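Colleague: Could we go through this model together? I would like to start with the helices and then move on to the sheet.

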Amino acid sequence: MTSNSDRRAGAADPPPDEPTRTATEAERRRPRSLIVSFFGTHARDLGGWIGVGDLIALMSGLDVDGPAVRSAVSRLKRRGLLEPERLGGAAGYRLSERGRRILAEGDQRIFGHRVARVEDGWVLVVFSVPESERRRRHALRAQLTRLGFGTTAAGVWVAPAHLAPQARATLRDLGLEEHAELFHASHLGFRDLTSSVERWWDLPGLQAMYQDFLDEHEPVAAAWRRRSTEDFQDRHTRAAAFADHLRAVDAWRRMPYLDPGLPPELLPDRWAGSRAARVFFELHALLRGPGLEHVRSASAPGGPADP
């Protein structure tokens, strides 16, 4: 069983990028995304604070230079996710209360990896938001996409039933309860449910997303699998474990928001998502501990760790 401290990565960049984003967009986002992943994966074990110099040193192991780190943390500060704070004379950043809440919400989705069952049914969000509220209508669509909902028709969105609480919370947060209805539903006919799922979700896009993850991280997992326990006593090995683990977390953490955990029997044969999940959780189990040891040895203390 995974402990609470092992179930951390967070998803502080809503909404997540679409799988089709360009290489230029991905590269521009990379330092900020890696730092979000770092705060979700390790910073809470340091008390939620890290010195700027230590963060720059850690990120250099992932080919992120100092100016990129400073720019990224400034953007995260402006978004209210980080707060500047000096400890022991060192300048640093601490997770804000909002940042902690967002990361905690992300933990369950990213590490829970819940797979739906057909017999559990579906949640439907049916809404009609007036044109005068089009900004909130757009925000609702964006949030439903972020939760992994598919679209059945204009104003009718569907997802596995286990996403009902998140859908309810989204409608309340946006103040759209009077413009929406929430249903728990079963599929009674008339089309084959497998073909309907193919229309409601971009399964080829999801398959390509998972295959990209496998192409990059499956060989990494195979290499680490061959390592002995003694190898991890070496500080250079722990530094490499930190880098490979953080890259895997950063690549994985958006995927559970794009894929709601559809029932396996409704998915294409050789669905890459199942194998991608196994690879990610194997890397997480192998590398998070050594990676955290590297972070602790490279960082100044920032207060008591979270319980």
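Colleague: Is the crossing in which H8 passes H11 left-handed or right-handed?

Modeller: Glad to help; a word on the ground rules comes before the answer. This is a predicted model, where local features need pLDDT of at least 70, side-chain atom pairs count only at pLDDT 80 or more, and totals for chains, interfaces and linings use all residues. Residues are numbered from 1 along each chain as its sequence is written, and side-chain values use heavy atoms, with hydrogens and water left out. A crossing counts as left-handed if the near helix is turned anticlockwise from the far one by less than a right angle, and as right-handed if clockwise; for H8 and H11 it is left-handed.

Colleague: At what angle do H8 and H11 pack?

Modeller: Helices (H or I, at least four residues) and strands (E, at least two) are DSSP runs, numbered from the N terminus. Axes are lines fitted to C-alpha atoms, for helices over the stretch in contact (heavy atoms within 4.5 Å), and angles run from 0 to 180 degrees between N-to-C directions. The axes of H8 and H11 (residues 272-298) are 9 Å apart, and the packing angle is about 35 degrees.

Colleague: Why do the buried residues of H7 lie on the same side of that helix?

Modeller: Buried means under 20% relative accessible area, exposed over 50%, and partly exposed in between (1.4 Å probe, protein chains only). In H7 (residues 193-200) the buried residues are Leu193, Ser196, Val197 and Trp200. They share a side because their arc, taken from the directions from the helix axis to the C-beta atoms, is only 100 degrees.

Colleague: Which strands stand at the edges of the open sheet of 3 strands?

Modeller: The order in this sheet is E1-E3-E2, with antiparallel pairing, where two strands pair if DSSP finds at least two bridges between them. Each edge strand has a single partner, so one side of each is left without a neighbour in the sheet; these are E1 (49-51) and E2 (82-87).

Colleague: Over how many bridges do E2 and E3 pair?

Modeller: Glu83 stands opposite Arg94 in E3. Strand E3 covers residues 90-95, and its antiparallel pairing with E2 runs over 6 bridges.

Colleague: And which helix lies across E2 and E3?

Modeller: The helix in question spans residues 97-112. Running at about 50 degrees to E3, it is H4.
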